[in-house]
Amino acid sequence: MNDIMETDSGDRYRRLAPLYDGLTAPFLWSVRSDIRRIVQECGYRTVLDVCCGTGRMAMMLHGSGFSVSAVDLSPSMLARARKNSPPGIRYFLEDAARLHFQTASFDCAIISFALHEMNPSKRMHVLAETSRVTRKGGAIIVADYIRPRGMLANGFRAVVNIVERIAGKDHHANYVTFVREGGLEPLAAGLGMKLTVRRRAFMDNAAVMVIEANGTPRTLI
């Protein structure tokens with residue numbers, strides 16, 4: 001069953017939606033596979049994919065037997081997700097900073113390459129809300145950019161920067177601020193959360209990290 005909750009928000013990803021998978025899928029496949037592996041290792045069953053985009057992560061998890069719900073604020077992105085997904089994935093059109101789910105509804109929540117596109121206040125609200133709907137002892141798995149270190153990493157950042165520019169002016173400005181401020185680690189620290197690094201990606205420009213919903217990191221390395 002696919003569900004759509006109404007929203008009055010504009011769709012700033014309308015033009016990007018048809019291009020998104022072609023631009024990102026080859027780069028994100030290994031990261032998404034690693035996220036799936038973490039969910040499997042931890043024995044979680046119910047998963048929320050926050051800011052799911054075109055649904056690639058949700059479909060991968062559903063195909064591995066997980067019960068998956070997914071949310072996104074872009075009608076265009078969700079339209080593509082619904083078109084390509086099996087009926088078992090439930091999609092909701094809503095703001096990730098104001099989720100309709102009850103507290104502790106999921107074993108696990110995933111935020112994959114979405115926090116960097118938000119302004120600082122929105123990032124905090126999305127992380128806090130995601131934590132609310134994840135049960136104690138469950139996990140929030142976050143994949144996003146970190147500050148690149150070294151010549152090779154900074155060289156690859158130029159490639160990432162091109163993709164982020166295509167996503168739009170505001171998106172790119174938020175990405176630049178996110179990386180300049182250190183990416184994921186200081187963001188989680190601002191909410192009193194400690195992140196455990198699972199793996200680094202994109203030549204040390206990004207990382208997959210895990211937060212336990214009660215704030216205590218699970219050791220996965």
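This passage describes the fold, the strand pairing, two helices, the aromatic pairs and two buried residues of a predicted protein model.

The model is predicted, and local features are therefore restricted to residues with a pLDDT of at least 70 and side-chain atom pairs to a pLDDT of 80 or more, whereas totals for chains, interfaces and linings use all residues. Residues are numbered from 1 along each chain as its sequence is written, and side-chain values use heavy atoms, with hydrogens and water left out.

The protein chain contains seven helices and seven strands, where helices (H or I, at least four residues) and strands (E, at least two) are DSSP runs numbered from the N terminus. Along the sequence these elements follow the pattern α-β-α-β-α-β-β-α-β-α-α-α-β-β. Of the 221 residues of the chain, 53% count as buried, a term that denotes a relative accessible area under 20%, as opposed to exposed at over 50% and partly exposed in between (1.4 Å probe, protein chains only). The accessible surface of the chain amounts to about 10,100 Å², and 54% of this surface belongs to carbon and sulfur atoms; accessible areas come from the Shrake-Rupley method with a 1.4 Å probe, and for residues only the protein chains shown count as cover. Among the contacts (heavy atoms within 4.5 Å) with a separation of 6 or more, 71% are between residues 24 or more positions apart.

Strand pairing was assigned where DSSP finds at least two bridges between two strands. Strands β1 and β2 pair in the parallel sense over five bridges, with Val 50 standing opposite Val 71 in β2. Strand β1 (residues 46–50) is mostly covered, four of its five residues being buried. Strands β5 and β7 pair in the antiparallel sense over seven bridges, and Tyr 145 has Ala 206 in β7 as its bridge partner. Strand β7 (residues 206–212) is largely enclosed by the rest of the structure, because seven of its seven residues are buried. Both faces of β7 are covered, with Ala 206, Val 208, Val 210 and Glu 212 buried on one side and Ala 207, Met 209 and Ile 211 buried on the other.

Two of the helices are described here. In helix α2 (residues 56–63), the buried residues are Met 57, Ala 58, Met 59, Met 60 and Leu 61, and just after this helix Gly 65 takes a positive phi of about 100°. Helix α4 (residues 120–133) has 14 residues that should span 20 Å at 1.5 Å a residue, and the 21 Å between its end C-alpha atoms agrees with this value; the expected span is 1.5 Å times one less than the number of residues. The N-terminal end of α4 is capped by Asn 119, a side-chain oxygen of which lies 3.2 Å from the backbone nitrogen of Ser 121. The buried residues of α4 include Arg 123, Val 126, Leu 127, Glu 129, Thr 130, Ser 131 and Val 133.

Aromatic rings of Phe, Tyr and Trp (its six-membered ring) were paired if their centres lie within 6.5 Å, with planes under 30 degrees apart counted as stacked, over 60 as edge-to-face and the rest as tilted. By this rule the count comes to four aromatic pairs. Phe 101 and Phe 106 form an edge-to-face pair, at 5.0 Å centre to centre and 85° between the planes, and both residues are buried. Tyr 145 and Tyr 175 likewise form an edge-to-face pair, at 5.1 Å centre to centre with 70° between the planes. This pair links distant parts of the chain, since Tyr 145 lies in strand β5 (residues 134–145) and Tyr 175 in helix α6 (residues 169–180), 30 residues apart. Tyr 145 counts as buried at 6% relative accessibility, and Tyr 175 is buried with a relative accessible area of 1%. Ring pairs also link Phe 92, Phe 101 and Phe 106 into a cluster.Two buried residues illustrate the surroundings of individual side chains. Leu 99, in the loop between β3 (90–93) and β4 (106–112), is buried with a relative accessible area of 6%. Residues up to four places away in sequence aside, Leu 99 touches Leu 48, Val 71, Glu 94, Glu 129, Thr 130, Arg 132 and Val 133. Asp 72, in strand β2 (residues 67–72), counts as buried at 11% relative accessibility, and its side chain reaches the backbone nitrogen of Ser 74 at 2.9 Å. With the same exclusion of residues up to four places away, Asp 72 touches residues including Cys 51, Cys 52, Phe 92 and Glu 94.

Conventions. A polar contact is a pair of N or O atoms within 3.5 Å; within protein, one must be able to donate a hydrogen and the other to accept it, and residues adjacent in sequence count only if both atoms are side-chain atoms.
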